[in-house]
Amino acid sequence: MEPLIGPASDLSFGAVLAPDQAVAVVGHPVACSARTNQQWKNRHFLCHIGSCSWVVLVLRFRGGPRQMPGFQFSAMQDEVLSQGPRVVVTGATGLLGRAVCKEFQNHGWTVSGTGLRRARPRFLRCDLTDEDAVRRLLQETKPDVLVHCAAERRPDVMERDADAAVSLNVHASSTVSRETAACGALLIYISTDYVFDGRNPPYGEDDCPNPLNLYGRSKLEGEREALRHCPGAVILRIPVLFGEVESVTESAVTSLWQQVQEATEERRVLDHCLQRFPTDARDVAAVCRKLAERARQQDPSIRGIFHFSGKEQMTKYEMAVAMAQAFNLPSNHLVPLTEQSAGSAPRPINSQLNCSRLEQLNLSVEPRAFSIAISECLWPFTADKRWRQTVFH
Ligand code: NAP
């Protein structure tokens, strides 16, 4: 859909609307004032202004004013009202959620992304631990599909503040699942390979989970809540992610870039014990979108647990060396550590996922090669001026 934008300077924009409709931009003062009118039903979509995306509401007033003051009308009514199927993406401000929003948007879906601290101005702000807020969100957005990405995914943070993390990973997942069932939408619940103990890989979808840490336990409980409320839900388990990060510290994989770049005399010791399968969030997003589209075609096999994973087995040390090679940087300061580091939450040694159930669906999502994908994601953070440009993912 073309953006419905007038002069970008004051963010006014407009469209030809039905007699009882108006439009507003969330986060813009006009939209905020519109929110005080309880008598509208809305649908919404994202529009892009410069490098920012704004949630645009199409408001329908019951006997209210035809248009918001100050709007200029320029687009066709069809443009406002022709919308694709609707998806809500929780955790849309996070690494995976951003990729999922982009993937669905690029394929004609009407996307409502939600976040919490980073939500404004691009996404809807909704604290998923607030049951009323979740109910309102789904009543207003009426999605066909909900992709539940929001979670606390850092095992060590979880162990430090268990109550808050369980509240998000378990209780909020339960609420989201219940409300998704109430509006008849497909739920795609994002889970993790950390539901397995890593002692007997690879793990099939039906293998018995045995999480080693609170993060894994909470995600497993979240899976159970999802299936309890939405028996037709899709559970998509994935391993460690990287992708189009906002800062390199956003993912456990791209964080290694800091050690790679510090090519000094000082040695950098990196784990060479835990086997990982780094996976590009963009590939996971494509899987989510294709699963959603298959489900909309009434394919009965789109339900239950699926695994998706990158294909290359690597330790953190090996990932760092691969990054150095991709950018022609020295790697002799990187030192492999073959013992598990003490002090952090226990992690599975090798929780490789067997992805055969997903592969049988022939969704045509081939995981990207690590060296190519990681170069694409890291180039905005290279010190080399030839690579450095302003980038908006
Ligand atoms: P992330 O980047 O840490 O993002 C977490 C998201 O949750 C953010 O959008 C955050 O919003 C949102 N959030 C936090 N508290 C919230 C609350 N109370 N209400 C509403 N939203 C809240 O996570 P990610 O890496 O994209 O992970 C996405 C999913 O993949 C998770 O389910 C995770 O378990 C799973 N997964 C991730 C990895 C990985 O390596 N990252 C590996 C396997 C599985 P704000 O930032 O706006 O507050």
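**Exercise 1. Polar contacts of the ligand**

Task: In this predicted model, find which backbone atom lies 2.8 Å from an oxygen atom of the ligand, then look for further polar partners.

Solution: Start with the ligand oxygen atoms. One of them sits 2.8 Å from a polar backbone atom of Leu 96. Next, turn to side chains: an N or O atom in the side chain of Tyr 215 is 2.7 Å from an oxygen atom of the ligand. Then try the ligand nitrogen atoms, where you will find a backbone N or O atom of Leu 128 at 2.9 Å from one of them. These pairs count as polar contacts when the N or O atoms are within 3.5 Å. Finally, widen the view: the ligand is surrounded by 28 residues, and the closest are Thr 93, Leu 96, Arg 117, Tyr 215 and Lys 219.

**Exercise 2. Strand E9, residue by residue**

Task: Decide whether the residues of strand E9 (residues 234-238) are buried or exposed, and work out which way they point.

Solution: Take burial to mean under 20% relative accessible area. By that cut-off, five of the five residues in E9 are buried. Now for direction. In a regular strand, side chains alternate between the two faces of the sheet. In E9, Val 234, Leu 236 and Ile 238 point one way, while Ile 235 and Arg 237 point the other way. Note that Arg 237 is buried along with the rest.

**Exercise 3. The neighbours of E9**

Task: Identify which strands pair with E9 and in which sense.

Solution: Look at strand E8 (residues 186-192) to begin with; five bridges join E8 to E9, and the two run parallel. Here Ser 191 stands opposite Arg 237. The connection also matters: E8, helix H7 (residues 214-229) and E9 make a right-handed β-α-β unit. Then check strand E13 (residues 304-307), which pairs with E9 in the parallel sense over four bridges. In E13, Val 234 has Gly 304 as its bridge partner, and Arg 237 has His 307.

**Exercise 4. The whole sheet**

Task: Write down the strand order and explain why E6 and E13 each have one side without a neighbour in the sheet.

Solution: The order is E6-E5-E4-E7-E8-E9-E13, seven strands in an open sheet with parallel pairing. Strand E6 (124-125) and E13 stand at the edges with a single partner strand each, so one side of each lacks a neighbour in the sheet. Now add helices. Helix H6 (residues 162-182) packs on the sheet, touches strand E7 (145-148) and E8, and makes about 160° with the direction of E8. Helix H9 (residues 281-296) lies across E7, E8 and E9, at about 150° to E8.

Methods:
Residues are numbered from 1 along each chain as its sequence is written. This is a predicted model: local features need pLDDT of at least 70, side-chain atom pairs count only at pLDDT 80 or more; totals for chains, interfaces and linings use all residues. Side-chain values use heavy atoms; hydrogens and water are left out. Buried means under 20% relative accessible area, exposed over 50%, partly exposed in between (1.4 Å probe, protein chains only). Two strands pair if DSSP finds at least two bridges between them. A crossover is right-handed if, with the strands pointing away from the viewer, the path from the first strand over the helix to the second runs clockwise. Contact means heavy atoms within 4.5 Å. Axes are lines fitted to C-alpha atoms, for helices over the stretch in contact, and angles run from 0 to 180 degrees between N-to-C directions. A residue is near a molecule or strand if one of its heavy atoms lies within 4 Å of it. A polar contact is a pair of N or O atoms within 3.5 Å; within protein, one must be able to donate a hydrogen and the other to accept it, and residues adjacent in sequence count only if both atoms are side-chain atoms.
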